[in-house]
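Student: I would like to talk through the ligand site and the pockets of this model. Could we take the terms one by one and check each against its cut-off?

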Amino acid sequence: MKKSIAVLTSGGDAPGMNAAIRAVVRTGLKNGWDVYGVRNGYRGLINGQFDRMSSRDVGGILQRGGTILGSARCPEFTTVEGRTVAIRNLNRLGIEALVVIGGNGSQAGAHELYKMGFPVVGVASTIDNDLAGTEITIGVDTALNIALEAIDRLKVTASSHQRAFIIEVMGRKCGYLALTAGLAGGAEAITLPEHETDPEEIAEALSLAYAHGKNHALIVAAEGADYNAAKLTEFFKEHRDRLGFSVRSTILGHVQRGGEPGAADRILASKLGCGAVQAIAREEYGVLIGLINNKVTATPYDDMVGKVKELDEELFELARLLD
Ligand code: F6P
């Protein structure tokens with residue numbers, strides 16, 4: 001049956017969002033449906049920024065970072081009034097279902113829209129990888145590789161000067177990126193939002209490494225950890241004499257978000273984008289499309305919105321074992 005659907009990207013952009021848009025548009029068109037792109041996330045939904053998409057409109061974007069549709073954080077959408085305007089705009093164009101590509105906040109917004117009666121399907125996309133209902137999100141693999149490239153480079157200069165580097169990676173509430181970047185980058189210590197940090201222990205590890213003749217030390221800190229780059233720098237200043245190493249810090253920040261998606265993110269985004277359209281074809285709404293046991297899976301919003309994704313403690317233990 002012919003349908004009319006819309007797709008938007010919301011929240012922090014993530015490498016691979018374009019590949020997901022492409023998959024939604026092309027799968028939708030192949031089903032014979034009309035597909036609209038909404039500009040600038042929920043803000044565009046409220047302001048009525050819709051464009052009919054053709055297959056050519058999503059040509060040449062598979063390998064591009066960011067999102068061609070634009071994204072925004074939209075406080076107005078958290079209100080019933082804002083969402084009512086959004087639904088009115090969708091209905092005016094005869095749009096029957098909406099695909100929301102984004103992270104936790106975006107999916108929580110989509111859930112609210114769904115509870116107001118509008119058919120919604122979410123696609124898991126954020127560099128934080130903090131969504132329950134999927135093992136992996138679109139964007140995190142590329143962000144991790146960007147962080148890793150920076151870590152490897154910092155290790156080179158750290159070794160030349162016998163310095164310790166604190167490298168802060170993104171992740172306000174979720175330490176996945178810090179943990180995996182720290183493990184893959186061979187960090188001496190990792191700080192995470194999920195664990196309490198003992199800065200004394202880190203200082204001790206550094207002074208021991210220095211005493212053993214190591215010519216560098218790396219600490220990967222999540223931005224949301226109790227000891228992020230600023231807090232650790234402050235602590236180390238007071239304990240400068242016992243560290244051995246002199247300390248520098250680098251905050252990677254949004255650099256991690258702007259990369260061209262790697263193969264893993266392009267493939268994941270293609271699978272999940274297509275999975276979202278298939279869910280709409282089945283009229284299965286109010287679900288997040290993610291990957292579980294390597295299978296595209298639809299998890300009901302009720303089972304994942306507001307849930308905290310648990311840290312992989314085994315991975316953390318492995319990182320500690322190898323530091
Ligand atoms: O949600 C993704 C994320 O990149 C977080 O890791 C980070 O804390 C936040 O977005 C930054 O948000 P903004 O781009 O609005 O500054």
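Tutor: Gladly, and keep in mind that this is a predicted model. Let us start with D128, which has a polar side-chain atom 2.5 Å from an oxygen atom of the ligand.

Student: What makes the pair between D128 and the ligand a polar contact?

Tutor: The cut-off is 3.5 Å between N or O atoms. The D128 pair lies at 2.5 Å, so it counts as a polar contact.

Student: How do you know that R172 and E223 make polar contacts with the ligand too?

Tutor: Use the 3.5 Å limit again. For R172, an N or O atom of the side chain is 3.3 Å from a ligand oxygen, and for E223 the value is 2.4 Å. Both values fall within the limit, so both pairs qualify. As for cover, the ligand has 400 Å² of accessible area on its own, and the protein covers 79% of that.

Student: Which residues are around the ligand, and what makes a residue count as near?

Tutor: A residue is near if one of its heavy atoms lies within 4 Å of the ligand. The residues around the ligand are R73, I127, D128, M170, G171, R172, E223, H254 and R257. By class, this shell has five charged, two polar and two nonpolar residues.

Student: Why is G171 counted as polar in that shell?

Tutor: G171 belongs to the shell, and Gly is placed among the polar residues by definition, so G171 falls in that class.

Student: Where does the ligand sit, and what makes "sits in" the right wording?

Tutor: The ligand sits in the largest pocket. The wording requires that more than half of the ligand's atoms lie within 2 Å of the pocket's grid points.

Student: What is known about the space and lining of the largest pocket?

Tutor: The largest pocket holds about 910 Å³ of space. Its lining has 37 residues, with R73, N104, G105, D130 and R172 nearest the centre. Helix α4 (residues 104–115) gives the largest share of this lining, six residues. The classes are 13 charged, 13 polar and eleven nonpolar.

Student: How much space lies in the second largest pocket, and which residues are closest to its centre?

Tutor: About 330 Å³ lies in the second largest pocket. It is lined by 17 residues, and A189, I190, E201, F316 and R320 are the closest to its centre. Two or more lining residues come from each of β7 (189–191), α7 (199–211) and α12 (313–321).

Conventions: Residues numbered from 1 in each chain as written. Predicted model: local features only at pLDDT ≥ 70, side-chain atom pairs only at ≥ 80, totals over all residues. Heavy atoms only, no water. Polar contact = N/O pair within 3.5 Å; in protein donor to acceptor, adjacent residues only side chain to side chain. Areas by Shrake-Rupley, 256 points an atom, 1.4 Å probe, with all protein chains shown as cover. 1 Å grid on protein atoms, 1.4 Å probe; cavity = no way out; pocket = protein on both sides within 12 Å on 5 of 7 lines; lining within 4 Å. Points joined across faces, edges and corners; volume = space filled by probe spheres on them. Helix = DSSP H or I, 4+ residues; strand = E, 2+ residues; numbered from the N terminus.
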